[in-house]
Amino acid sequence: MSGTALAAPGSTLRVLEPAPHVLAFYDGRVPGVRLHGTHENWLDDGAYALGIASYAVVDGDEALVYDTHISLAHARIIRETLERRGARRIRVVLSHWHDDHVAGNEVFADCEIIANRETAALLALHRERLEAGDPPIRPLILPNVLFEERLELTVGAVPVAIFHMDIHSRDGTVALLPDGLLLAGDTLEDPITYVDEPDRLATHLAGLERLAALGATRILPNHGADDVIAAGGYGPALITATRAYVEKLLRLKTEPELAGMDLRTFAAEAFATGAVTYFEPYEAVHRRNVAAVADATEAAPPGHQAPERAK
């Protein structure tokens with residue numbers, strides 16, 4: 001890639017404070033910069049180029065980390081930042097099993113790592129692939145505290161409710177904080193969702209209805225624009241925009257001519273909500289989404305699942 005510079009992992013990380021007691025560890029969307037290599041890889045192309053944040057809830061001497069980011073270097077910065085702020089008890093919640101959300105787990109190997117049972121099962125199933133990936137996550141540290149459906153936590157005096165959500169991936173976990181602040185993982189993205197399970201889009205659409213029923217007033221997705229996250233996050237219309245895009249993808253089965261549209265045209269209804277903003281690197285995500293849905297529509301054997309986000 002001509003004109004591309006390689007930066008040290010963590011060197012472009014920004015620490016944002018989108019809400020009281022909440023830190024966002026944001027990296028990526030840096031023009032002309034990559035972290036791992038000029039060749040296609042999960043870290044640069046599936047996360048850094050699109051922008052990625054992990055979050056932490058901090059109160060007193062307690063902290064809850066929501067995803068451990070894309071490298072050990074990123075995870076070390078997260079932990080060092082929290083410890084400088086006085087955190088002595090640190091727990092982790094995993095939003096789901098994908099590479100760019102669990103790559104830093106080893107830095108928190110001495111902590112509680114919380115996940116729903118689906119996430120634990122999928123990490124165990126894909127452990128060999130994750131540990132042999134490019135870059136590898138080796139060793140992959142598995143969660144050690146499991147929950148089903150819902151778990152209530154407190155971080156200092158801050159209540160946090162975590163919920164299993166079948167959106168984007170069957171093992172999604174979101175966290176609802178006071179005043180309706182939602183840590184959304186990859187259940188929502190700006191500008192469009194990344195389709196990982198194309199044969200299960202109808203299920204994910206139903207999951208978006210369940211997500212909306214939580215009544216979130218501000219939303220912090222893991223993939224989004226840093227300025228919006230820094231300003232406090234997205235409004236509930238982000239769910240509306242995501243639903244509009246997924247509904248359009250489901251129409252591909254009966255309206256195959258939609259597959260030829262570029263992102264701006266295809267997702268016009270989503271952009272019309274004002275909740276999301278066009279970002280050119282998502283053209284490739286959109287093309288991949290359309291191809292994955294088309295493949296799933298043509299022939300989906302039992303248990304078929306699209307290639308993981310991380311490639």
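Which residue in strand 12 does His164 stand opposite? The first legend gives the partner. All views show a predicted model.

**Figure 1. Strand 11 and strand 12 form a hairpin.**
His164 stands opposite Thr173 in strand 12. Strand 11 covers residues 158-167, and strand 12 covers residues 169-177. Their pairing is antiparallel, with six bridges. One residue separates the two strands. His168 sits in the turn and has a positive phi of about 70°. Strand 12 is mostly covered, with eight of its nine residues buried.

**Figure 2. A hairpin also links strand 12 and strand 13.**
Three bridges hold this antiparallel pair. Leu176 has Leu182 of strand 13 as its bridge partner. Three residues lie between the strands. Asp179, in the turn, shows a positive phi of about 65°.

**Figure 3. Strand 13 and strand 14 run parallel.**
Five bridges join the two strands. Strand 13 spans residues 181-189, and strand 14 spans residues 218-223. Leu182 appears again here, with Ile219 of strand 14 as its bridge partner. Between the strands, the chain passes through helix 6, residues 201-212. This β-α-β crossover is right-handed. Five of the six residues of strand 14 are buried, so the strand is largely enclosed by the rest of the structure.

**Figure 4. The largest nonpolar core holds 64 residues.**
Six members touch the most other members: Tyr55, Val160, Leu211, Ile219, Ile229 and Leu249. Strand 11 gives the largest share of this core, seven residues. A second, separate core has 36 residues, including Leu13, Val33, Leu35 and Cys111. What does Leu249 touch, not counting residues up to four places away in sequence? Its contacts are Val195, Leu201, Phe266, Val290 and Val293.

**Figure 5. The largest cavity has a volume of about 50 Å³.**
The model has two cavities of 30 Å³ or more. Lining residues of the largest cavity include Ile167, His168, Thr193, Tyr194 and Val195. Leu201, His204, Leu208, Thr242 and Val246 also belong to the lining. Which helix gives the most to this lining? Helix 6 does, with three residues. Helix 6 and helix 8 (237-250) each supply at least two residues. His168, from the turn between strand 11 and strand 12, is among the lining residues.

**Figure 6. Arg200 lies in the loop between strand 13 and helix 6.**
Is Arg200 buried or exposed? Its relative accessible area is 15%. The cut-off for a buried residue is under 20%, so Arg200 counts as buried. Arg200 is in contact with Asp166 and Arg170, leaving aside neighbours within four places in sequence.

**Figure 7. Cis peptide bonds precede Pro135 and Pro139.**
Most peptide bonds are trans. Asp134 and Pro135 are joined by a cis bond, with omega about 0°. Arg138 and Pro139 are also joined by a cis bond, again with omega about 0°. Where does Pro135 lie? Pro135 is in the loop between helix 5 (127-131) and strand 9 (145-147). Pro139 has its place in the loop between helix 5 and strand 9 as well.

**Figure 8. Arg29 and Glu149 have positive phi values.**
Most residues other than glycine have a negative phi. The phi of Arg29 is near 55°. Arg29 is in the loop between strand 3 (22-27) and strand 4 (33-34). For Glu149, phi is about 65°. Glu149 occupies the loop between strand 9 and strand 10 (150-155). Its relative accessibility is 46%, so Glu149 counts as partly exposed.

**Figure 9. Thr297 is found in helix 11.**
Helix 11 covers residues 282-298. Thr297 has 39% relative accessibility and so counts as partly exposed. How far apart are Thr297 and Val102 in space, C-alpha to C-alpha? The distance is 30 Å. In sequence, Thr297 and Val102 are 195 residues apart.

Technical notes: Residues are numbered from 1 along each chain as its sequence is written. This is a predicted model: local features need pLDDT of at least 70, side-chain atom pairs count only at pLDDT 80 or more; totals for chains, interfaces and linings use all residues. Side-chain values use heavy atoms; hydrogens and water are left out. Buried means under 20% relative accessible area, exposed over 50%, partly exposed in between (1.4 Å probe, protein chains only). Helices (H or I, at least four residues) and strands (E, at least two) are DSSP runs, numbered from the N terminus. Two strands pair if DSSP finds at least two bridges between them. A crossover is right-handed if, with the strands pointing away from the viewer, the path from the first strand over the helix to the second runs clockwise. A nonpolar core is a set of buried Ala, Val, Leu, Ile, Met, Phe, Trp, Tyr and Cys residues joined through side-chain atoms within 4.5 Å. Contact means heavy atoms within 4.5 Å. On a 1 Å grid over the protein atoms alone, a cavity is a set of points where a 1.4 Å probe fits but cannot get out, and a pocket is an open set with protein on both sides within 12 Å along at least five of seven lines; lining residues have an atom within 4 Å of a point. Grid points are joined across faces, edges and corners, and a volume is the space filled by probe spheres set on the points.
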